[in-house]
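Student: I would like to take a close look at a single part of this model rather than skim over the whole of it. Could you choose one helix and walk me through how it sits among its neighbours?

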Amino acid sequence: MTAWLIHFATALLGTCRDILPIAAIIIGFQLLVIRKPLAQPKKTLTGFIFVLLGIAFFLEGLEMALFPLGKLMAAQLTTPAFLGWQAGQSAPPWQAYGWVYVFAASIGFATTLAEPSLLAVALKAQQISGGSIHAWGLRIAVSLGVAFGIALGAFRIITGTELYYFIIVGYIIVLIQTLFSPKMIIGLAYDSGGVTTSTVTVPLVTALGLGLAETVPGRNPLVDGFGLIAFASLFPIIAVLGYAQIAQWLGQRSRKP
Amino acid sequence: MFKNRFVKQLFNSFLDLVPILAVVLVFQVLVIGQPIPDVARLITGTVFVVLGLTLFVLGLELSLFPLGEAMAHAFARKGSLFWLLTFAFCLGFGTTVAEPALIAIADEAARIAGKGGLIAANPEAQTSYALGLRISVALSVGFAILVGVLRIIRGWPLYYLIIGGYCGVMLITPFAPKEIIGIAYDSGGVTTSTITVPLVTALGVGLATAIKGRNPMIDGFGLIAFASLTPMIFVMAYGMLI
């Protein structure tokens, strides 16, 4: 119990250290530039403590339960024994990795749904749009985008295709979609790309990428192991823009007689 | 009232976690065909995650959102562009330079650069390389938030910035060392932390609400997007220069 308490205290201290610069900047500007007291100092402080405790508990829980299991599974799913071939044999074709794609997609989907940053942006979007954007719908769209992105990223590592071909094609799709999307959604869609990958997704997805790059013959973990995160931040943009376009199209069609 | 919201939020947080649990359990038992190791730990950990997520969301609405918006309104009333931009830059730089995910990725990049012969393979060279990388990413995020805030004030369309950024990424990629590309692309995604995102989002939306003629939905978002784009360019540029 004491060992655990010490461990938790370290996690809490770590979180405090991470937000120290933020707190310093806010307090500094508040005192020196704005020169007005905070409107509700008590409420703000309580909220800040909630956020701190929340993040510490969240990280601690992930470390205890999900990360070890997720990383273990990522490693197990990419062992030659599980994939059913011997080390000496030539590399199996990319179709042989079926379960890896399914796992990549489902872990991408599930972790994104639990991502606190995405939750924050979705809440804000629902609030400002007056409810015409549902936090839940937005999060599902983003998660589907991440699921597809991670699965495609796994495919890229297995086949060893150059990363930037995919990224450039993805960018071109985003550019074309931007021209045809409702203006209102564009900023939100771009933002959802950046927020999908933080606390929950990054460690699990990185473990999957490095595991794959180590097992698949001819791949270098240093060169091929990275890049999954980039996929996970590109495809949600496409998914959210697509979601808005479909919603707009359905709306237009139902208005016509 | 407060108690009710806490319980409701607890339930919501639990729902958010169900998919992860389902994926992990289904794969472990059905696909890999092995029992779950240490069930008690799994349950305690899950309870912690649910509790943590709940506290985070409640704290978000109590402090980070109102704080970001209050500061945006205060700056808008003050009317000093210089101080607003300084604040934007400091916020971006300060939150990124200490970001743990970035520290991890910078160290990794330094190791790769050492192995690839880009820099001398001794610890001192690697430490300074990693530090340089961290500072260039932090500078790029500070710059991105600054330009993003300027965009909200001036009312430029967001996609000019994003398309410009994309073109920058595409142009610089062929010239960057091959080893750095994956890391550069990934560093865009990891720079935006759990505390920065709500604060920056509230700042953007607050500014777009406070300034006449701006629509919070169209103009308020986009700060995060630009902040995850510029690090890619800066990291590749850093890889080329060193």
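Tutor: What follows is a walk around one helix of chain B, with the chains themselves as background.

Please keep in mind from the start that this is a predicted model, and that the values below are computed from it. Chain B contains ten helices and zero strands, so that, read from the N terminus, its elements run α-α-α-α-α-α-α-α-α-α. The C-alpha atoms of this chain fill a box of roughly 55 × 50 × 30 Å along the principal axes, and 56% of its 242 residues are buried. If we take the contacts in chain B between residues at least 6 apart in sequence, 79% of them join residues at least 24 apart.

The helix I have chosen is α5(B), which covers residues 123–154 of chain B, and two of its partners deserve a careful description. Two packed helices are described by the angle between their axes and by the distance between those axes, and we can use both values here.

The first partner to consider is α3(B), made of residues 81–97. The axes of α3(B) and α5(B) come within 7 Å and cross at roughly 145°, and the crossing is right-handed. Sorted by class, the residues in this contact are 18 nonpolar, three polar and two charged.

The other partner is α10(B), residues 223–241 of chain B. Here the angle with α5(B) is about 145°, and the axes lie 8 Å apart, while the crossing of α5(B) past α10(B) is again a right-handed one. The contact between these two helices has 17 nonpolar and seven polar residues, and no charged ones.

It is worth staying with α10(B) for a moment, since its own shape and cover have been worked out too. From its first C-alpha to its last, this helix of 19 residues reaches 27 Å, close to the 27 Å expected at 1.5 Å a residue. It is also mostly covered, with 14 of those 19 residues counting as buried, where a buried residue has under 20% relative accessible area.

For background, you may set chain A beside this picture. Chain A has eleven helices and zero strands, its C-alpha trace spans about 70 × 70 × 30 Å along the principal axes, and 54% of its 257 residues count as buried. The exposed area is about 11100 Å² for chain A, with 70% of it supplied by carbon and sulfur atoms; for chain B the area is about 9500 Å², and carbon and sulfur atoms supply 70% of that.

Notes:
Residues are numbered from 1 along each chain as its sequence is written. Chains are lettered from A and ligands numbered from 1 in the order in which they are written. This is a predicted model: local features need pLDDT of at least 70, side-chain atom pairs count only at pLDDT 80 or more; totals for chains, interfaces and linings use all residues. Side-chain values use heavy atoms; hydrogens and water are left out. Axes are lines fitted to C-alpha atoms, for helices over the stretch in contact, and angles run from 0 to 180 degrees between N-to-C directions. Helices (H or I, at least four residues) and strands (E, at least two) are DSSP runs, numbered from the N terminus. A crossing is left-handed if the near helix is turned anticlockwise from the far one by less than a right angle, and right-handed if clockwise. Ala, Val, Leu, Ile, Met, Phe, Trp, Tyr, Cys and Pro count as nonpolar, Asp, Glu, Lys and Arg as charged, and the others, Gly among them, as polar. Buried means under 20% relative accessible area, exposed over 50%, partly exposed in between (1.4 Å probe, protein chains only). Accessible areas come from the Shrake-Rupley method with a 1.4 Å probe; for residues, only the protein chains shown count as cover. The expected span of a helix is 1.5 Å times one less than its number of residues. Contact means heavy atoms within 4.5 Å.
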